[in-house]
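Reader: Could you take me through one small part of this model up close, and then show me how the rest of the chain is put together around it? Keep it chatty, please.

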Amino acid sequence: MEGYIVVEGVARGLGFNADRLIHLPGFGDFQLAKIEKLVSNQRKHNNNNEDINMNSESQDNFFPTENRDTLDELLPLDEMNEDEDWDIDEMNEDMERNYNSLSGANTQSEKPKRLPKGISEYQAKWYLEDDLEDLIDEHGLQSDDDDEEEVMYDDEEVEMQMDENDGRSGYEPSEMFVELTPEEEAKQLELYQRRAKDDLDFPDEIELNMNESAQKRLARYRGVKSLANCEWDFDEADPKRPSEWERYLRISNFKATKNKILKEYIRDSQVQAGERVRLYIEAPSYILERIQDPKIQPFVVYGLLEHEHKLGICNFSIQTWEGYDQPIKSKESIIVQYGPRRQVISPLYSGSTRNANNVAKFQRYLHPGNVSIATAITPVMFTNTPAIFYKQDHTTGQIEMIGQGTFLNSDHTRILAKRVVLTGDIFKIHKNVVTIRYMFFNSDDVINYKYIPLFTKMGRSGLIKESLGTHGYFKAIFDGKLNAQDIVGMALYKRLWPKVSIMHQE
């Protein structure tokens, strides 16, 4: 038949269906024009029917129907705002309830009914109910006259005083802040940066330049109390979001969808395992020139399940191969073989976590011995498929195995958050009140990031109280007295988006 590649052989596995696509390794996915199931008539010769050749065959022909799969990898533009079958399974009740709780649709008022003395409404959101009750027992209830908009603390810890002459609040004279001269400021900053470079306390630590604005450099970052329970919209508007984001395959319940598609394929298979078949593949003729003699190397044709040609945000488990000791960096191009497919991906690595809000922390490198998640935009696979990861030498073309894992799922709701840590130097300590410098270098940045929590290397947590001067100094209050050798940090996060893969061609 002119215009087609005809392949004849024996079916294995789940068989074939004329409405489904087929995959030729190294060449891509193609449609079927016809399937011929070949049935041997050798049994008629045993009935002394000498007129029939023992090698003769009858044919059962199967043609595509109107439900034939297309070669479109994305949702058509004219269907983006309509309900269609790309969101294959409706979200179950548990996932729907979880999303509503994250989006705030059915949440109750977050204001606690009982506030401990010295704890504001804003701070109370960070405490569990049991912790709040313990603080109430220790310090008593917040009085009705307390200003709910102002963060107040225990007098014995902060020693706030009121000036009798003008009524303004102020710190005791020993805590008076005096700005350094520009020359002295630059000298001390140089000493601090030199010491910080010798021993970075946080792997995600970054430093701001003296004349740099944190608001401009970290415009895409946000501060959250905890990645495990923060609110984060998986479809948020972001200039870095892939342009075709809303056109990728979306599956609400991957496990249920996989079982459904497998059952439907088994039920609708037109050729079963063990049967001889002739496939008419709509593929260009140049493929024949690149195919080796089947007597030397078997030529295998793979049948695809429904939707397996479409691109989705796919997750693989990955663990470094025991014989590979080189660093593997996120976004670095590698090759993954899963099922019949071999794709070149630039994956984003993240921790193997299962938070309720589906937010995971991005990893810059794979950690040897640990199982991580590799995320990339690739064709979906609905079978239980192991994955092997390779790295290719661009000079010699040789490939080396670097890791192993499994194709897990396609999940567009999984959010990858990259963390950076701004660190500051402890300038003065007065009980729980600490003066910090070199985290910011202007008062506007201090005010902008005032409500983002602070933490220390030794496990203390705190909040910015107020800005001091114009060079980025500020006072902060912590939940305990700090050690002078401690390091104060502020964690900020930004959303990372996966990249599209391409088919690997030998």
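**A close look at serine 317**

Author: Let's start on strand β10, which covers residues 311–320 and holds serine 317. Keep in mind that this is a predicted model. Serine 317 has a relative accessibility of 13%, and since anything under 20% is called buried, this serine counts as buried.

Who does it touch? Leaving aside residues up to four places away in sequence, serine 317 is in contact with Val371, Ser372, Ile373 and Phe389, and also with Gln404, Gly405, Thr406 and Leu408. Take glutamine 404: it sits 87 residues from serine 317 along the chain, yet their C-alpha atoms are 7.9 Å apart.

Now zoom out. The chain has 506 residues, 42% of them buried, and is built with nine helices and 24 strands. Among contacts with a separation of 6 or more, 75% link residues 24 or more positions apart.

Then there's the largest nonpolar core, with 28 residues; the members touching the most others are Leu218, Phe440, Leu454, Phe474, Met490 and Leu492. Two or more residues each come from β18, β19, β21, β22 and β23, and β22 gives the largest share, four residues. Methionine 490 has plenty of partners further off in sequence, including Val420, Leu422, Phe440, Tyr449, Leu454 and Ile464. Apart from this core lies another one of 26 residues, with Ile328, Val380, Ile402 and Phe407 among them.

On the outside, the chain exposes about 29,000 Å², and carbon and sulfur atoms supply 45% of that.

Conventions:
Residues are numbered from 1 along each chain as its sequence is written. This is a predicted model: local features need pLDDT of at least 70, side-chain atom pairs count only at pLDDT 80 or more; totals for chains, interfaces and linings use all residues. Side-chain values use heavy atoms; hydrogens and water are left out. Buried means under 20% relative accessible area, exposed over 50%, partly exposed in between (1.4 Å probe, protein chains only). Contact means heavy atoms within 4.5 Å. Accessible areas come from the Shrake-Rupley method with a 1.4 Å probe; for residues, only the protein chains shown count as cover. A nonpolar core is a set of buried Ala, Val, Leu, Ile, Met, Phe, Trp, Tyr and Cys residues joined through side-chain atoms within 4.5 Å.
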